[in-house]
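Here is a short report on one protein model. It goes from the overall fold to single residues.

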Amino acid sequence: MGCNYPKCNEKSSKRCTLVHLCQQHYEMIDKETNDYYRPTQEMKYEERKHFNQIKHLIPWRAS
Ligand SMILES: [Zn+2]
């Protein structure tokens with residue numbers, strides 16, 4: 001399986017839930033997710049740019 005991030009051709013090495021991601025994109029989304037859930041962070045859902053690139057691939061977070 002390759003990375004599911006758009007326009008990325010790396011092989012996936014990690015699984016972000018059901019989505020295959022390469023190391024680089026896994027870390028980007030992992031960091032973004034941590035920022036998003038930080039209480040002092042005022043990041044809006046729409047500002048999760050990296051997550052929004054792959055969220056349609058996650059069945060239980062499709063909305
Ligand atoms: Zn990737």
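The face of helix 1 that is turned away from its buried side carries two exposed residues, Lys31 and Asn34. The buried residues of this helix are His25, Tyr26 and Ile29. Seen down the helix axis, these buried residues fall within an arc of 105°, so they line one face. The general rule behind such patterns is that an α-helix has 3.6 residues a turn, so residues three or four places apart point the same way.

Helix 1 covers residues 23–37, which is 15 residues. From its first C-alpha to its last it reaches 21 Å, close to the 21 Å expected at 1.5 Å a residue.

**Overall fold**

The model is predicted. The protein holds 2 helices and 2 strands. Along the sequence, the pattern reads β-β-α-α. Of its 63 residues, 14% count as buried. Take the contacts between residues at least 6 apart in sequence: 19% of them join residues at least 24 apart.

**The core**

Which residues make up the largest nonpolar core? They are Cys3, Tyr5, Val19, Leu21, Tyr26, Ile29 and Ile54, 7 residues in all. Strand 2, residues 19–21, supplies at least two residues of this core, and so does helix 1. Two residues of the core, Tyr26 and Ile29, are also among the buried residues of helix 1. Ile54 belongs to the core as well. Leaving out residues up to four places away in sequence, Ile54 touches Asn4, Tyr5 and Val19. Of these partners, Tyr5 and Val19 are core members.

**The segment before strand 1**

Strand 1 spans residues 14–16, and Lys7 lies in the segment before it. Phi of Lys7 is near 65°, a positive value in a residue other than glycine. As a general background, most residues other than glycine have a negative phi. Is Lys7 buried or exposed? Lys7 counts as exposed, because it has 6 C-beta neighbours inside 10 Å, and the cut-off for exposed is 12 or fewer.

Lys11 is also in the segment before strand 1. With 11 C-beta neighbours inside 10 Å, Lys11 counts as exposed. Its contacts, leaving aside neighbours within four places in sequence, are Gly2, Cys3 and Cys22. One of these, Cys3, is a member of the core.

Ser13 is found in this segment too. Ser13 is partly exposed, with 14 other C-beta atoms within 10 Å. Beyond its neighbours within four places in sequence, Ser13 is in contact with Cys22 and Gln23.

**From the segment to helix 1**

Gln23 is found in helix 1. Gln23 is partly exposed, with 13 other C-beta atoms within 10 Å. Where does the chain ahead of strand 1 lie relative to helix 1? The table gives C-alpha to C-alpha distances for three pairs.

| Pair | Apart in sequence | Apart in space |
|---|---|---|
| Lys11 and Gln23 | 12 residues | 8.6 Å |
| Ser13 and Gln23 | 10 residues | 5.8 Å |
| Ser13 and Tyr26 | 13 residues | 8.6 Å |

Gln23 takes part in two of these pairs, with Lys11 and with Ser13. Ser13 also pairs with Tyr26, and Tyr26 is a core residue. Cys22 is a contact of Lys11 and also a contact of Ser13.

Note on methods
Residues are numbered from 1 along each chain as its sequence is written. This is a predicted model: local features need pLDDT of at least 70, side-chain atom pairs count only at pLDDT 80 or more; totals for chains, interfaces and linings use all residues. Helices (H or I, at least four residues) and strands (E, at least two) are DSSP runs, numbered from the N terminus. The expected span of a helix is 1.5 Å times one less than its number of residues. A residue is buried if 20 or more other C-beta atoms lie within 10 Å of its own, exposed if 12 or fewer, and partly exposed in between; C-beta atoms are placed from the backbone. The arc is that of the directions from the helix axis to the C-beta atoms. Two residues are in contact if their C-beta atoms, placed from the backbone, lie within 7 Å. A nonpolar core is a set of buried Ala, Val, Leu, Ile, Met, Phe, Trp, Tyr and Cys residues joined through C-beta atoms within 7 Å.
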